[in-house]
Amino acid sequence: SRPVPWCALHITPQSNLMEIMMTNPDVIYETIILGSGPAGLTAAIYAGRSRCGPLLIHGIQPGGQLTTTTAVDNFPGFPEGIDGPDLMENMRRQAERFGAQFVEGEVTRVDLQERPFRIWTGEEMYRCLSLIITTGASPKLLDLGNEEALYGRGVSVCATCDGFFYRGREVVVVGGGDTAMEEAVFLTRFASKVTVIHRRDSLRATPFLADRALTHKAINFIWDSVLTEILEDSAGVTGIRTRNLKSGNETELACDGVFIAIGHRPNTELFLNQLEMDDDGYILTRNATETNISGVFAAGDVQDHQFRQAVTAAGTGCMAAIQAERFLDNLPYDSTLSCKKGICMPKG
Ligand code: NAP
């Protein structure tokens, strides 16, 4: 295996390098990574090992979607499973060990039309020669009008985060995929009754997770039905109205919580009109993680609508870092810049 580069051993989160970099407007990073899920952190591990000093900007959900799950059973290397937040913390520590620097903040604007690329988190501006986008995906909503207003008052997109508040209460879960099944099973720890509402008569979830929910005695299923209204009073959710898509019948069901688990949409608004995307907004990649702009790479759920697994995200994060390294290696020598520890400054 390759030796750890000397700079990775010297840049630690405790060093004052971060301060120097942040306060110097001339700094150009060799690599910036946007997002801190499995793709971003794996890219940071690889980028740190090979060239040193990638800067990773967390985004609004540090650690990504895995911080909202419980046991991750299928990430290789953990025969007993591992909690999502623990897995992400391990990855972060591993990236830190190889010199990755972390900035907490939400990216508000990017300009990929000129080089170096520019990234803003509010007033703060960062420049880089290569960019790895791993901004992931966010839960989809049903567009019923009052879902977002009812966040924290009965509507949730994260059973792991909010399930605890439904002890002894009745909840519904919308969706028929892996997430919906996992959430339904998890919610049985707290809720007195869990009802899954799915728009078809068979589940999309993988057989293992589907069977676990279907055979769980505390979970009921309402098939072929969509949620048409979330009923509320001044305290929050009181129930739902559903419509059976085969019979057209509308039914009301009293409940205290609605967990929406109908999939995700990619977090790509920032890159509209700059990067090529498919009709659903996923960044189009070719030759692994390359985008239509050379030096800009995309990895993880932001470019993958097919597999969307932690391990596949990590795999593409690794590819993006290796491709960014090759891109940097092949950049024409810029005599005006002096680069050290992953950071470039104008000479003189
Ligand atoms: P998903 O697989 O896309 O499933 C979304 C579910 O919501 C589907 O059943 C879909 O119905 C339903 N749905 C979508 N839009 C709807 C709408 N407007 N109204 C009503 N229902 C709607 O999403 P996911 O469950 O979040 O899973 C995403 C990926 O993560 C998958 O690859 C999954 O395998 C993976 N994942 C894995 C694990 C694990 O392995 N432990 C856990 C969670 C997620 P239809 O079935 O009719 O399309």
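Me: How far apart are N and O in the salt bridge where the side chains of arginine 241 and glutamate 229 meet?
Reply: Keep in mind that this is a predicted model. The pair ties together distant parts of the chain, with arginine 241 in strand S15 and glutamate 229 in strand S14, 12 residues apart. Their side chains meet in a salt bridge, and the N to O distance is 2.4 Å.

Me: Is arginine 241 buried, partly exposed or exposed?
Reply: Buried would need under 20% relative accessible area, and exposed over 50%. Arginine 241 comes out at 23% relative accessibility, so it counts as partly exposed.

Me: Which residue forms a salt bridge with aspartate 201?
Reply: Aspartate 201 sits in the loop between S12 and H7, and its partner lies 45 residues away in the loop between strand S15 and strand S16. That partner counts as exposed because its relative accessibility is 61%. The closest N and O atoms of the bridge are 3.5 Å apart, and the partner is lysine 246.

Me: Which residue is linked with Asp201 and Lys246 in a network of salt bridges?
Reply: Asp201 and Lys246 already pair up with each other. The network of salt bridges also takes in Asp224.

Me: Is arginine 199 buried or exposed?
Reply: Arginine 199 is found in the loop between strand S12 and helix H7. On the surface, it gathers with Lys140, Arg200, Arg204 and Arg308 in a patch of positive charge. Its relative accessibility is 58%, and the cut-off for exposed is over 50%. Arginine 199 therefore counts as exposed.

Key:
Residues are numbered from 1 along each chain as its sequence is written. This is a predicted model: local features need pLDDT of at least 70, side-chain atom pairs count only at pLDDT 80 or more; totals for chains, interfaces and linings use all residues. Side-chain values use heavy atoms; hydrogens and water are left out. Patches are made of residues with over 30% relative accessible area and no salt bridge: like charges are joined within 9 Å, nonpolar side chains (Val, Leu, Ile, Met, Phe, Trp, Tyr) within 5 Å. Accessible areas come from the Shrake-Rupley method with a 1.4 Å probe; for residues, only the protein chains shown count as cover. A salt bridge is a side-chain nitrogen of Lys or Arg within 4 Å of a carboxyl oxygen of Asp or Glu. Lys and Arg count as positive and Asp and Glu as negative; His and the chain ends are not counted. The place of a charge is taken as NZ of Lys, CZ of Arg, CG of Asp or CD of Glu. Helices (H or I, at least four residues) and strands (E, at least two) are DSSP runs, numbered from the N terminus. Buried means under 20% relative accessible area, exposed over 50%, partly exposed in between (1.4 Å probe, protein chains only).
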